[in-house]
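Trainee: Could you pick one part of this structure and take me through it closely? I'd like to see how it connects to what surrounds it.

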Amino acid sequence: MHLKYCKIICMTDINIKELINEAFEGRANAYAPYSGFKVGAALLTSNGIYTGCNIENSSYSATNCAERTAIFKAVSEGVKDFKAIAIVGGYDGKDIEDYAAPCGVCRQVMSEFVDSDSFVIIMAKSPEEYVVKTLSELLPLGFKLENK
């Protein structure tokens, strides 16, 4: 299943699992007192891995997703060469039962910085159980700078 993506970015199961483990570490820092749904993300860049977690706010619209937290951390440090992102999410205190896909806003933010056909999104329940997609599979016909 995952050999298809070696053409896009050559990631072995070992570093996919490492990226997923980093996403779980990011999830441990999530601040989700309203929904109880904690998300972690690990963004693989040319400069290393940037982790992120969701950070909720009582106004809801001021909440930030784990994926954008990781991306904004990298961009704020001058890093914009993104290769892949791993995402894990589930309710606090429970086993992760489903794959957490990035929301529409996160998909659009990703498209600002990556090639949608080669950027890999790994949605995981565990280091052994995950789904791999490209951004173009999750955001077909996305709006990009070149579309203006």
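**A charged side chain and its surroundings**

Mentor: Let's start with Lys 125, which is partly exposed at 21% relative accessibility. On that scale, buried is under 20% relative accessible area and exposed is over 50%, with partly exposed in between (1.4 Å probe, protein chains only). Before going on, keep in mind that this is a predicted model: local features need pLDDT of at least 70, side-chain atom pairs count only at pLDDT 80 or more, and totals for chains, interfaces and linings use all residues. Residues are numbered from 1 along each chain as its sequence is written, and side-chain values use heavy atoms, with hydrogens and water left out.

So what does Lys 125 do with its charge? Its charged end sits over the ring of Tyr 99, 4.8 Å from the ring's centre (the test is NZ of Lys or CZ of Arg within 6 Å of the ring centre and within 35 degrees of the ring normal). Lys 125 also forms a salt bridge with Glu 129, where the closest N and O atoms are 3.5 Å apart. A salt bridge here is a side-chain nitrogen of Lys or Arg within 4 Å of a carboxyl oxygen of Asp or Glu. Glu 129 is partly exposed too, at 38%.

Now the strands around this spot. Helices (H or I, at least four residues) and strands (E, at least two) are DSSP runs, numbered from the N terminus. Strand β4 covers residues 120–124, and a hairpin of 5 residues joins β4 to β5. The two strands run antiparallel and pair over 5 bridges; DSSP has to find at least two for strands to pair. One of the partnerships puts Ile 122 opposite Val 132 of β5. Strand β5 spans residues 130–134, and 4 of its 5 residues are buried, so the rest of the structure largely encloses it.

β4 also helps to cover helix α3 (contact means heavy atoms within 4.5 Å). The buried residues of α3, which runs from 104 to 113, are Cys 106, Arg 107, Val 109, Met 110 and Ser 111. Their cover includes β4 along with α2, β3 and α4.

Met 110 turns up again in the largest nonpolar core. Such a core is a set of buried Ala, Val, Leu, Ile, Met, Phe, Trp, Tyr and Cys residues joined through side-chain atoms within 4.5 Å. This one has 25 residues, and those touching the most other members are Leu 43, Phe 82, Ile 85, Met 110, Phe 119, Ile 121 and Leu 135. Two or more residues come from each of β1, α2, β3, α3, β4 and α4, and α2 gives the most, with 4. Apart from this core lies another, of 15 residues, with Leu 44, Ala 84, Ile 96 and Ile 122 among them. Back in the largest core, Leu 43 makes contacts that include Ala 70, Ile 71, Phe 82, Ile 85 and Phe 119, leaving aside its neighbours within four places in sequence.

Next, the other charged pairs. The whole structure holds 3 salt bridges. One joins Lys 38 to Asp 92, with the closest N and O atoms 3.7 Å apart. Lys 38 is in strand β1 and Asp 92 in the loop between β3 and α3, so this pair ties together parts that are 54 residues apart in sequence. Lys 38 is buried, at 18%, and beyond four places in sequence it touches Arg 27, Val 88 and Gly 90, among others. Another salt bridge, at 3.6 Å from N to O, brings together Asp 81 and Lys 83. Asp 81 is partly exposed at 37%, and so is Lys 83 at 31%.

Last come the rings. Rings of Phe, Tyr and Trp (its six-membered ring) pair if their centres lie within 6.5 Å; planes under 30 degrees apart count as stacked, over 60 as edge-to-face and the rest as tilted. There are 3 aromatic pairs in all. Tyr 34 and Tyr 60 meet edge-to-face, 5.9 Å between centres and 65 degrees between planes. Tyr 34 is in the loop between α1 and β1 and Tyr 60 in the loop between β2 and α2, so the pair ties together parts 26 residues apart in sequence. Phe 82 and Phe 113 have ring centres 5.8 Å apart and planes at 55 degrees, so that pair is tilted. It links distant parts of the chain, with Phe 82 in strand β3 and Phe 113 in helix α3, 31 residues apart. Phe 82 is buried at 8%, whereas Phe 113 is partly exposed at 27%.
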